[in-house]
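Visitor: Hi! Could you walk me through this one?
Guide: Happy to, here is the structure.

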Amino acid sequence: MSATTRRLTTAQALVRFLSAQYTERDGVRRRLIAGTWGIFGHGNVAGLGQALVEYRDTMPFHQGRNEQSMVHAAVGHARQLNRLSAQAVTTSIGPGATNMVTGAALATINRLPVLLLPGDYFASRAADPLLQQLEHPVEADVSVNDTLRPVSRYFDRITRPEALIPSALNAMRVLADPAETGAVTLALPQDVQAEAYDWPEEFFAERVWTVRRPAPDPVELDAAVAAVRAARRPLIVAGGGVHHSEAEDALRALVDATGIPVASTQAGKGSLRHDHPADLGGIGHTGTAVSDALARDADVVIGVGTRYTDFTTASGTLFQNADVTFVNLNITGFDAHKLAARPLVCDARTGLERLTEALAGYRVDAAYEAEYGEGKERWDAVVEAALRAEDDTAVPTQTQVLGALDAVVGDDDVVINAAGSLPGDLHKLWRARSPRQYHLEYGYSCMGYEIPASLGVQQAAPGTPVWALVGDGTYLMMPTEIVTAVQEGLPVNVVLVQNHGYASIGGLSEETGGERYGTAYRHRAADGSFTGAPLPVDLAANAASLGMDVLRAKTVRELRTALAEARASDRPTCVYVETDPAPTAPPAEAWWDVPVAEVATREAAVRARERYDAQVAGRRRHL
């Protein structure tokens, strides 16, 4: 230990340490922990709370209203900055800490960095049991914070001040690691937070964490190149790793050189601009007709930064070519080996550049380019018809809401969504104009994500118009960070679509034999069903009561005007619109497996099972 020390509490030392951490990639340096979100209670107010006051000049603090929301905001911030910067979230013990579990799961599933700092019980057991402590009958060292273990990429409980030194370094290592990142949890017993210790000065020195760009192994690269050169109908599936690596230019260079078309997952949409000749839009259950048609016949599928979720693979029914081969370029070996692929474990940008060099002279047949070009043209006509409103005095459909927004946004606006029927419509129809415009959280598809995430995105990209698209069901889950937007002066825009219920789940319920039971926001009818009149709630008034400017739109024309006004405003603004509930989006082009009751007495369920059996027969294991 250094002879030079500084006597600080554990919480003070942690805040000073976090303020001196940086990432660097391609010569660009950023604060690793750009700020801290917090709600104070008896588990952190006297420790981290005091430390954040002490060092408020070096550690920005943001006051949240809901612990889950704060994590969502931090995740939005990290995604907007391509995982090169993160935020911390501190909570009290008990419910404050466990409220973060959902947000932590979302971060880890989406491979996005966030630092969680929940308070914890007394390490000394001086107060035992204390308020909100879980008393486990056979494991006395367990607290409610242990619920964060399975959803964290790194977890530690700091029971002594000096234990913070190796743990804090490990936490930063994981946050800055492009393959291992996700939620990181340091549980902080409240007595240890306030305990003083003589800290070595080196602990507070500025530290730079290099975000690596590992190159592909030459043997793996040769195997991948051989597979692609042998392909007649190759297809690239672009995932979120393209964006995290800032590999969009490298992807475009590969596509321009080879003519290989690109279909995108929810996280990868925008990897190519929508009007690039080789961009085919979304793939899988919510994909486009042209993407899914090519996927069924593809002989080589090149996955770039994708996890191959069931929505992407249509629950194992999409890639039907008997001889299909997968080449997976991914920074994690775990994902690179999926679907029995030829793995290419490397950074997306570096890997794509090497692949382009190695494929010099290769190009798909002109007939294949013409085929997918014609398919893209047909789908563009479908998109145009879905977004267009023939009568601008009519109540808009949900797809016409997207059309009105499409007409208003600029190339760099950010559109955020996560759950409900909107993700499917957006994946099929949204015309992404820049790499960061399309912000869909679909790894966890968490209702309530959109509004708090918009705050984190706005903090990461000041001056950029940010749009949170929410249905009434999602809005009711988590509107509280509207207050935070007002307090922080963040001019986010909320487009609140009122359709009186859970639209996507209602459709799924009907398809699977559930007859839409319990999916509408309506009064109960005499027979116990939810088929009565819509509930007399006014969500626009609610948003206004929380401090937002609210613009109500009843027609397509009014909607266009309201959206333009919201975009020009420097205040948090809500555009509220009730939509025609009739579905207008193109139907699904591929299946999604939601198991249906094998036996039932109601006719709807019986018919649903027959459809299910017919679809599941097409599933295959790629071995």
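Guide: A helpful term to begin with: the radius of gyration is taken over C-alpha atoms, and the globule rule is 2.2 Å times the number of residues to the power 0.38. This is a predicted model, where local features need pLDDT of at least 70, side-chain atom pairs count only at pLDDT 80 or more, and totals for chains, interfaces and linings use all residues. Residues are numbered from 1 along each chain as its sequence is written, and side-chain values use heavy atoms, leaving out hydrogens and water.

Visitor: What radius of gyration does the protein have?
Guide: The protein has 25 Å, which agrees with the value near 25 Å for a compact globule of 623 residues.

Visitor: And how many helices and strands are there?
Guide: There are 24 helices and 23 strands, counted as DSSP runs numbered from the N terminus (helices H or I, at least four residues; strands E, at least two).

Visitor: What share of the residues is buried?
Guide: Buried residues make up 57% of the 623; buried means under 20% relative accessible area, with a 1.4 Å probe and protein chains only.

Visitor: Which residues touch the most others in the largest nonpolar core?
Guide: I236, L251, W467, L469 and L563 do, out of 81 residues in that core. Such a core is a set of buried Ala, Val, Leu, Ile, Met, Phe, Trp, Tyr and Cys residues joined through side-chain atoms within 4.5 Å.

Visitor: What about W467, what is it in contact with?
Guide: Leaving aside neighbours within four places in sequence, the contacts of W467 include L405, D413, N493, L563 and R567. Contact means heavy atoms within 4.5 Å.

Conventions. Buried < 20%, exposed > 50% of the residue type's maximum accessible area, 1.4 Å probe, protein only.
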